[in-house]
Amino acid sequence: QAGAVSEPVVRAMAAGALVRTGSTVAVAVSGVAGPDGGTADKPVGTVWLAWAWRGQDGAVRTETRRERFPGGRDEVRRWTVRCALERLLTE
């Protein structure tokens, strides 16, 4: 219902990665990198990111963020990776 580039999708992707891998942290991204595919609601450069952490008690905490990155396809992809990694490093 929300579409592939949405908060519910990246939240589910990150949580699912934790479950499937048994890891303590996971990152998920979905976006419109371009050059085509943008819409009025989700223009090129729109990216949803999610981070999921498993606590020592087994509880999962998830954080999401919507970004709109500038540039073409390569720039949007680089900004996405940078944003995802920077958030992991500040945890």
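## Helix 2, its strands and an aromatic pair

At 37% relative accessibility, Trp-79 counts as partly exposed, since the partly exposed class lies between the limits of under 20% for buried and over 50% for exposed. The model described here is predicted.

Trp-79 belongs to the one aromatic pair that the structure holds. Its partner is Phe-69, and the two rings are stacked, at 6.2 Å centre to centre with 10° between the planes. The pair links distant parts of the chain: Phe-69 is in the loop between strand 3 and helix 2, Trp-79 is in helix 2, and ten residues separate them. Phe-69 has a relative accessible area of 9% and is therefore buried.

A second contact with a ring involves Arg-61, which lies over the face of Trp-53 at 4.3 Å from the ring centre.

Helix 2 covers residues 73-89, 17 residues in total. From its first C-alpha to its last it reaches 25 Å, close to the 24 Å expected at 1.5 Å a residue. Which residues of helix 2 are buried? They are Val-76, Thr-80, Cys-83, Ala-84 and Arg-87. Seen down the axis of helix 2, these buried residues fall within an arc of 95°, so they line one face of the helix. The face turned away from that buried side carries the exposed residues Arg-78 and Leu-89.

What do the buried residues of helix 2 pack against? Their partners are strand 1 (25-31), strand 2 (46-54) and strand 3 (60-68). Of these, strand 2 is mostly covered, with eight of its nine residues buried.

Strand 2 pairs with strand 1 and also with strand 3, as set out below.

| Strand pair | Sense | Bridges | Residues standing opposite |
|---|---|---|---|
| Strand 1 and strand 2 | antiparallel | seven bridges | Val-29 and Leu-49 |
| Strand 2 and strand 3 | antiparallel | nine bridges | Arg-54 and Val-60 |

Strand 2 and strand 3 form a hairpin with five residues between them. In the turn of this hairpin, Gly-58 has a positive phi of about 90°.

Taken together, strand 2 is joined to strand 1 by seven bridges and to strand 3 by nine, and the buried residues of helix 2 pack against these three strands. Phe-69, in the loop between strand 3 and helix 2, is linked to Trp-79 of the helix through the aromatic pair.

Terms used
Residues numbered from 1 in each chain as written. Predicted model: local features only at pLDDT ≥ 70, side-chain atom pairs only at ≥ 80, totals over all residues. Heavy atoms only, no water. Helix = DSSP H or I, 4+ residues; strand = E, 2+ residues; numbered from the N terminus. Expected span 1.5 Å × (residues − 1). Buried < 20%, exposed > 50% of the residue type's maximum accessible area, 1.4 Å probe, protein only. Arc of directions from axis to C-beta. Contact = heavy atoms within 4.5 Å. Pairing = 2+ DSSP bridges. Phe/Tyr/Trp six-rings, centres within 6.5 Å; stacked < 30°, edge-to-face > 60°. Lys NZ or Arg CZ within 6 Å of the ring centre and 35° of its normal.
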